[in-house]
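Colleague: I am new to this structure and would like to understand the terms people use for it. Could you take me through them?

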Amino acid sequence: MRGFQKDVIAKYLKAYAEPEAALGTRLQCHTEHVLVIPAQDESISLLEGIQPALDTVSEQGQRTLCIIVVNATDTHDSLVQERNTELIHALRDHGPTVPLHTQHETPCWHTRASSFDLVVVDRSSTGFRLPSNQGVGLARKIGCDLALTALRDGSNISPLIHMTDCDVRLPGDYFDVAVPAACAALIYRFSHKSSGHSLIDDAHAKYEAFLRYYVLGLQHAGSPYAFHTIGSCIAVTPTAYAAVRGVPKRQAGEDFYLLNKLAKVGQLYTANSSPLTIQARTSLRVPFGTGQATNEIVRNRGTYKIYDPTIFDLIKTWCNALEAINGTRVNAAYETVRCRAESVLDSVDQQRLRTALEAIGAPDALMTAAAQSPTSAIRQKWLTDWFDAFRTLKLVHALRQAGLPDIPWFQALQNASFSRSAVANVRPEHITTTDTFDICQRLASLEEQC
């Protein structure tokens with residue numbers, strides 16, 4: 001690693017890393033790739049999903065370090081704890097195993113399997129469980145911090161820390177990806193695989209359609225934050241990971257907030273590999289996200305609603321108007337930009353946008369941006385960092401509150417200029433789950449055209 005990279009990583013490991021990071025210094029193995037997986041209430045079959053990628057690496061004469069953080073909190077019932085214990089034993093049976101921990105440290109073992117190396121971290125046993133308000137975010141961070149130590153010490157030479165989940169099947173070329181010089185993270189393309197359970201499959205297809213619709217809406221609006229935020233689809237460069245202080249220790253949404261921070265320190269690129277496949281299933285592991293959304297759609301079958309596409313049109317108008325801040329006086333910054341946006345809107349949408357912008361604190365933010373510097377590049381950078389993925393989502397919700405409630409999902413896709421072609425010739429009164437998965441594929445194609 002170069003000097004600057006070493007300095008950033010060393011500072012992070014000293015000040016912000018989890019205690020388990022130190023375990024990475026004890027690895028007596030050399031690996032070329034690293035993959036981090038949080039696991040809760042899973043079986044040994046989780047390895048089947050990552051095996052195609054591991055086998056490809058092995059056939060090339062290389063090895064992958066797989067770090068699996070088996071986790072639970074005290075709020076989980078005894079069945080989850082039992083399944084976690086069974087998983088830990090099954091993973092340790094994959095080859096010669098040595099402990100990496102001492103008596104009072106988090107239990108952790110290194111297993112040398114036939115084609116890959118495995119590190120199992122036990123954050124499920126009594127005395128080592130995760131705080132209930134941190135969950136999967138902390139589990140990911142523990143694994144990534146341990147990986148970062150291995151990279152710093154040279155036992156692993158991967159240009160990326162890959163992270164995924166137990167419901168994913170990785171393609172054979174998963175690790176064979178280009179990493180551009182300015183890259184902070186790669187985001188893998190994905191699709192959902194049917195489970196054979198009609199209700200679950202229908203719910204997953206609709207939710208995937210929503211995810212793609214949202215990203216297309218942000219692309220349409222010109223937002224620099226138009227990317228998917230799915231934890232199983234992320235690979236981050238070590239320096240960028242350290243620069244943003246690792247994975248947020250959240251119970252859910254850690255992937256969203258991680259990518260939101262990474263987008264401010266470097267570029268996010270789409271991985272040039274084949275898409276990975278996410279298995280359709282319901283889940284209660286986290287309070288929101290794909291699993292919970294699937295549960296909600298199944299419970300409210302036939303009434304699934306998503307954002308009105310007019311919201312994205314208004315965000316586009318706002319994004320286009322932001323350049324008007326250049327050359328304005330500090331006290332006039334917000335009014336100047338707002339007037340530019342309102343000049344192309346009718347009175348109803350003018351009021352909606354004004355109400356929503358005030359709700360997210362845009363007036364003060366634009367004054368602050370204008371006060372940063374007379375240089376337009378610095379102003380725009382400040383604004384881009386402020387009007388990030390989080391505040392964009394807040395603006396979406398504020399516009400919904402300002403008179404643009406959610407509408408039926410198919411109607412939204414039909415009405416939106418950016419997704420209309422994906423549902424052409426589909427009759428909503430006779431739509432099937434297969435039709436919805438086909439719509440998802442067409443939406444994915446639209447994403448790649450932007």
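**Two helices and two sheets**

Modeller: Gladly! Helices α12 and α13 are roughly antiparallel to each other. Please keep in mind that this is a predicted model.

Colleague: Why are α12 and α13 called roughly antiparallel?

Modeller: The axes of α12 (residues 362-372) and α13 (residues 376-386) cross at roughly 150°. Angles over 145 degrees count as roughly antiparallel, so the name applies to this pair. The two axes come within 8 Å, and the crossing is right-handed.

Colleague: Which residues make the contact between α12 and α13?

Modeller: From α12 come Ala 362, Ala 365, Leu 366, Thr 368, Ala 369, Ala 370 and Gln 372. From α13 come Ile 378, Arg 379, Trp 382, Leu 383 and Trp 386.

Colleague: How do these contact residues divide into nonpolar, polar and charged?

Modeller: Nine are nonpolar, two are polar and one is charged. Arg counts as charged, so Arg 379 of α13 is the charged one. Thr and Gln are not on the nonpolar or charged lists, so Thr 368 and Gln 372 of α12 count as polar.

Colleague: Now the sheets, please. What makes β7 and β9 edge strands?

Modeller: They belong to an open sheet of three strands with the order β7-β12-β9 and mixed pairing. β7 (168-169) and β9 (190-193) each have a single partner strand, so one side of each is left without a neighbour in the sheet.

Colleague: How do you know that β7 and β12 pair?

Modeller: Pairing needs at least two bridges, and β7 and β12 (residues 276-279) have two, so they count as paired. They run in the antiparallel sense, with Val 168 opposite Ile 278 in β12. Helix α5 (residues 198-221) lies across β9 and β12, running at about 165° to β9.

Colleague: And what is the strand order in the sheet of nine strands?

Modeller: That open sheet has the order β3-β4-β5-β2-β1-β6-β10-β8-β11, with mixed pairing. Its edge strands are β3 (97-99) and β11 (267-270), each pairing on one side only. From one strand to the next, the twist averages 20°. Helix α2 (residues 46-59) packs on this sheet, touching β1 (33-39) and β2 (64-71).

Colleague: What makes β8 and β11 a pair?

Modeller: Four bridges join β8 (residues 183-187) to β11. The cut-off is at least two, so these strands count as paired. They run parallel, and Leu 186 stands opposite Tyr 269 in β11.

Technical notes
Residues are numbered from 1 along each chain as its sequence is written. This is a predicted model: local features need pLDDT of at least 70, side-chain atom pairs count only at pLDDT 80 or more; totals for chains, interfaces and linings use all residues. Side-chain values use heavy atoms; hydrogens and water are left out. Contact means heavy atoms within 4.5 Å. Axes are lines fitted to C-alpha atoms, for helices over the stretch in contact, and angles run from 0 to 180 degrees between N-to-C directions. Angles under 35 degrees count as roughly parallel, over 145 as roughly antiparallel, 65 to 115 as roughly perpendicular and the rest as oblique. A crossing is left-handed if the near helix is turned anticlockwise from the far one by less than a right angle, and right-handed if clockwise.
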